[in-house]
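Visitor: I have a structure open on my screen and I'd like to learn how to read it. Could you walk me through it?

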Number of protein chains: 2
Amino acid sequence: MRIGELARASGTTTKTLRYYEAVALLPAPERTAGGYRDYDPKTVARLDFIRRSQAAGLTLAQIREVLQVRDAGTAPCHHVHDLLDRRVHELDRQIADLHALRLTVAELRDSATEADPESCNPSTVCRYL
Amino acid sequence: MRIGELARASGTTTKTLRYYEAVALLPAPERTAGGYRDYDPKTVARLDFIRRSQAAGLTLAQIREVLQVRDAGTAPCHHVHDLLDRRVHELDRQIADLHALRLTVAELRDSATEADPESCNPSTVCRYL
DNA sequence: GTGGACCTTCCCCCACACTGGAAGGTCAAG
DNA sequence: CTTGACCTTCCAGTGTGGGGGAAGGTCCAC
């Protein structure tokens, strides 16, 4: 498979594929006599894995970690479990932070709604922030 | 006020103050005979405003927008209200997205917990992602 | 044999909010 | 007169996930 074919099959771009190779998410593929990259069709599955992991909010660095464990021949289940577990806790924290921020911002907005616009003095710092 | 003094008074750094000037969050201050920046002490209040706005999750570009409206002599109340209102809706969407993601990731993690590690075949793409 | 689609490497570019460091100028104290 | 704290400008880099485009090579059909 040439790079454009793989890009179409996996729903990405040739730019991204070369980038993934550069950051070690994809192994360097074989080359044809003319120097073209020649991919194993299995690479599509690897790219699906990467896409799903990204959708789960993992960074490319974390995905690379998982793939390296697997490429070394070890089943990455425990590693993946730990990674996902940490990710769940991270999400819980992010959600709590956003809830707190939402409360603050809504309060600020409501105080701006109630105020008399005439009491807004342009020469001072806005009273609502 | 010289730049270091302002930095200490506002809890930031001289680097950041020069950066804010470069991106038009702060007006260019007067200069002393020796070429040093000489700030109006009111600048502390402006920096507090910037800090509070950042804490509300506004970007520097949005903060600059508000400050430019105010610097033009118009009270920015309505503008600020609209900005905060949009921000609240943005936060609601972000929170909903994270909730959905949290559900997905927790499900993936739990399926990894229940599985028999022996069923993990390193030669295939990990079944948990 | 030539046109066009595809490929190669290379280097620079985006947002975001700064941060680091080099090379040199200013100012007050001792 | 010198030391050291402070200041100046300018250039470049951080991390994330790629995108743009130049200059040139390859391959296949017509």
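Guide: Let's go through the surfaces around the two DNA strands, one after the other. Before that, some ground rules: this is a predicted model, where local features need pLDDT of at least 70, side-chain atom pairs count only at pLDDT 80 or more, and totals for chains, interfaces and linings use all residues. Residues are numbered from 1 along each chain as its sequence is written, chains are lettered from A and ligands numbered from 1 in the order in which they are written, and side-chain values use heavy atoms, with hydrogens and water left out.

Visitor: Okay, which residues come nearest to DNA strand C?

Guide: A residue is near a strand if one of its heavy atoms lies within 4 Å of it. Around DNA strand C there are 19 such residues, and Gly4(A), Arg18(A), Arg37(A), Lys15(B) and Tyr36(B) come nearest. Looking from the DNA side, sugar and phosphate make up 62% of the strand C atoms that come within 4 Å of the protein.

Visitor: And what is Tyr36(B) doing with a base nitrogen of DNA strand C?

Guide: Think polar contacts: pairs of N or O atoms within 3.5 Å (within protein, one must be able to donate a hydrogen and the other to accept it, and residues adjacent in sequence count only if both atoms are side-chain atoms). Here a polar side-chain atom of Tyr36(B) sits 2.6 Å from a base nitrogen of DNA strand C. Phosphate oxygens of this strand join in too: one is 2.8 Å from a polar backbone atom of Arg37(A), and one is 3.0 Å from a side-chain N or O atom of Thr16(B).

Visitor: Which element gives the most to the surface near DNA strand C?

Guide: Helices are DSSP runs of H or I with at least four residues, strands are E runs with at least two, and both are numbered from the N terminus. For DNA strand C, α2(B) gives the most, with four residues.

Visitor: Now DNA strand D. Which residues come nearest there?

Guide: Lys15(A), Tyr36(A), Gly4(B), Arg18(B) and Arg37(B), out of 19 residues around DNA strand D. A polar side-chain atom of Lys15(A) lies 2.3 Å from a base oxygen, whereas Gln54(A) has a polar side-chain atom 3.1 Å from a phosphate oxygen. For Arg37(B), a backbone N or O atom is 2.8 Å from a phosphate oxygen of the strand. The element that gives the most here is α2(A), with four residues.
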